Amino acid sequence: MFTIEHEFDATIITLIDEAEGHRQGDVTIHAFEECVTATQADPRSDRSVTVTLSPGQLRDLAAALDLPEGAYTRRAQRG
């Protein structure tokens, strides 16, 4: 399950783990023009952990989800 909210400077997506058994905490994603952040609570440290991705890293991640094992480079986009 997930939710989507649009705010002035970001789109916020919250991913909710509904799996049976070993559940992970919710992941909150903030999509800004210059970067995307993913935040999740770490129950071991009782702190939130945030990862920041550039737009290029996000495109690579999206592409990697549909590719077989290997090393890849992204071609420059022409605009």
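Select H30 first: this residue stands opposite T37 in β4. The model on display is a predicted one.

**First stop: T37 and its surroundings**

Next, select T37, which is found in strand β4, residues 36-42. Is T37 buried or exposed? T37 has a relative accessible area of 13% and is buried, because buried means a value under 20%. To display what surrounds T37, leave out residues up to four places away in sequence and show T28, I29, H30, F32, T50, V51 and T52, which T37 touches.

Now widen the selection to strand β3, residues 27-31, together with β4. The two strands run antiparallel and are joined by five bridges.

**Second stop: the whole sheet**

Colour the strands in turn. Five strands form an open sheet in the order β1-β2-β3-β4-β5, with antiparallel pairing. Which strands lie at the edges? The edge strands are β1 (2-6) and β5 (47-53), each of which pairs on one side only. On average, neighbouring strands of this sheet are turned by 15 degrees against each other, direction ignored. In general, the strands of a sheet pair through backbone hydrogen bonds, in either a parallel or an antiparallel manner.

**Third stop: β1, β2 and β3**

Select β1 and β2, which form a hairpin with four residues between them. Five bridges join this antiparallel pair. Within the pair, E5 has I12 in β2 as its bridge partner.

Keep β2, residues 11-15, and show its side chains. What lies on each face of the strand? I12 and T14 make up the covered face, whereas T11, I13 and L15 make up the uncovered one. Side chains in a regular strand alternate between the two faces of the sheet.

Then add β3, which runs antiparallel to β2 and is joined to β2 by five bridges. Select I13 and I29 to see one such pairing: I29 in β3 is the bridge partner of I13.

**Fourth stop: A41 and D46**

Return to strand β4 and select A41, which is found there. At 51% relative accessibility, A41 counts as exposed, because the term applies over 50%. Leaving aside neighbours within four places in sequence, A41 is in contact with R47 and S48. A distance may be drawn from A41 to A19: their C-alpha atoms are separated by 17 Å, and the two residues are 22 apart along the chain.

Move on to D46, in the loop between β4 and β5. D46 also counts as exposed, with a relative accessibility of 72%. What is notable about the backbone of D46? D46 has a positive phi of about 60 degrees although it is not a glycine. Most residues other than glycine have a negative phi.

**Fifth stop: the helix**

Select helix α1, residues 55-64, and show it with the end of the sheet formed by β4 and β5. The helix lies across these two strands and runs at about 95 degrees to β5.

**Last stop: the largest pocket**

Finally, select D60, A63, A64, L67, P68, Y72, T73 and R74, which line the largest pocket. What is the volume of this pocket? The volume is about 170 Å³. Colouring the lining by residue class shows five nonpolar residues, one polar and two charged. Two of the lining residues, D60 and A63, may be selected together with helix α1 (55-64).

Definitions and conventions:
Residues are numbered from 1 along each chain as its sequence is written. This is a predicted model: local features need pLDDT of at least 70, side-chain atom pairs count only at pLDDT 80 or more; totals for chains, interfaces and linings use all residues. Side-chain values use heavy atoms; hydrogens and water are left out. On a 1 Å grid over the protein atoms alone, a cavity is a set of points where a 1.4 Å probe fits but cannot get out, and a pocket is an open set with protein on both sides within 12 Å along at least five of seven lines; lining residues have an atom within 4 Å of a point. Grid points are joined across faces, edges and corners, and a volume is the space filled by probe spheres set on the points. Ala, Val, Leu, Ile, Met, Phe, Trp, Tyr, Cys and Pro count as nonpolar, Asp, Glu, Lys and Arg as charged, and the others, Gly among them, as polar. Buried means under 20% relative accessible area, exposed over 50%, partly exposed in between (1.4 Å probe, protein chains only). Contact means heavy atoms within 4.5 Å. Two strands pair if DSSP finds at least two bridges between them. Axes are lines fitted to C-alpha atoms, for helices over the stretch in contact, and angles run from 0 to 180 degrees between N-to-C directions.
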